[in-house]
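Colleague: I should like to learn how to read a ligand site and a pocket in a structural model. May we work through an example together?

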Amino acid sequence: MLTSGRYKGQPVPAHMKHRDRITPALFGRWLTLWANTTDELMAPDAAAALQAKAARIAESLKLAMFFRLDDQPAPKPSPRPARPTATAMDNA
Ligand code: HEM
């Protein structure tokens, strides 16, 4: 949070270890608990900053843990170019 560089951990592998038990829905619960706790313990502006930071980290952790390109639907074929339509100029 303070960008002091003291934290040397690796959050993605730390959470990956528990991927069979952590579900995307649990992130919402985590963030709610975090919001309640920071609201209770911190001044409002500090609580808001901590909550915003946690929400960004939660989003990137969730992407790292659950997003798979091969889960995406196949792209739709591109639409045919529209046929030219008759205009008043065609008969001019
Ligand atoms: C569903 C939500 C989450 C669950 C269930 C969860 C669970 C855990 C667990 C079990 C560990 C210990 C991992 C281990 O060493 O075996 C851990 C570590 C940690 N978590 Fe989470 N976590 C969640 C979300 C988050 C979020 C949103 C953040 C950050 C805002 C976060 C930050 C961390 C950090 C910094 C560690 C220490 C990693 C290290 O060893 O350096 N977690 N978490």
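Colleague: Which residues come nearest to the ligand?

Modeller: Please bear in mind that this is a predicted model. The shell around the ligand holds 15 residues, and those that come nearest are Tyr7, His15, Lys17, His18 and Trp30.

Colleague: Which of these side chains have an N or O atom by an oxygen atom of the ligand, and at what distance?

Modeller: A polar contact is a pair of N or O atoms within 3.5 Å. For Tyr7, a side-chain N or O atom is 2.5 Å from an oxygen atom of the ligand. For His18, the corresponding distance to an oxygen atom of the ligand is 2.7 Å. The helices that give two or more residues to the shell are H1 (11-16), H2 (24-41) and H3 (44-66). H3 gives the most, with 4 residues.

Colleague: What is the make-up of the shell by class?

Modeller: The shell around the ligand has 10 nonpolar residues, 4 polar residues and 1 charged residue.

Colleague: How should I read a metal site, and which residue is the donor to the iron atom here?

Modeller: In general, one compares the angles at a metal with ideal values: 109.5 degrees for four tetrahedral donors, and 90 or 180 degrees for six octahedral ones. In this model the iron atom of the ligand has a single donor from the protein, the NE2 atom of His15, 2.0 Å away. His15 lies in helix H1. A polar side-chain atom of His15 also lies 2.8 Å from a nitrogen atom of the ligand.

Colleague: How is empty space found, and how much of it lies in the largest pocket?

Modeller: Rolling a probe the size of a water molecule over the atoms shows where empty space is left. Here the largest pocket contains about 690 Å³ of space. Its lining consists of 22 residues, and Pro11, Trp30, Ala54, Ile57 and Leu61 lie nearest its centre. H1, H2 and H3 each supply at least two residues of that lining. By class, the lining divides into 15 nonpolar, 4 polar and 3 charged residues.

Colleague: Finally, what does the backbone show at Thr3?

Modeller: Most residues other than glycine have a negative phi. Thr3, which is not glycine, has a positive phi near 45°. Thr3 lies in the segment before H1.

Colleague: Is Thr3 buried or exposed?

Modeller: The cut-off for exposed is over 50% relative accessible area. Thr3 has a relative accessible area of 72%, and is therefore exposed.

How values were computed. Residues are numbered from 1 along each chain as its sequence is written. This is a predicted model: local features need pLDDT of at least 70, side-chain atom pairs count only at pLDDT 80 or more; totals for chains, interfaces and linings use all residues. Side-chain values use heavy atoms; hydrogens and water are left out. A residue is near a molecule or strand if one of its heavy atoms lies within 4 Å of it. A polar contact is a pair of N or O atoms within 3.5 Å; within protein, one must be able to donate a hydrogen and the other to accept it, and residues adjacent in sequence count only if both atoms are side-chain atoms. Ala, Val, Leu, Ile, Met, Phe, Trp, Tyr, Cys and Pro count as nonpolar, Asp, Glu, Lys and Arg as charged, and the others, Gly among them, as polar. Donors are N, O and S atoms within 2.8 Å of the metal (3.2 Å for Na, K and Ca); water is not among the atoms, so sites may look incomplete. On a 1 Å grid over the protein atoms alone, a cavity is a set of points where a 1.4 Å probe fits but cannot get out, and a pocket is an open set with protein on both sides within 12 Å along at least five of seven lines; lining residues have an atom within 4 Å of a point. Grid points are joined across faces, edges and corners, and a volume is the space filled by probe spheres set on the points. Buried means under 20% relative accessible area, exposed over 50%, partly exposed in between (1.4 Å probe, protein chains only).
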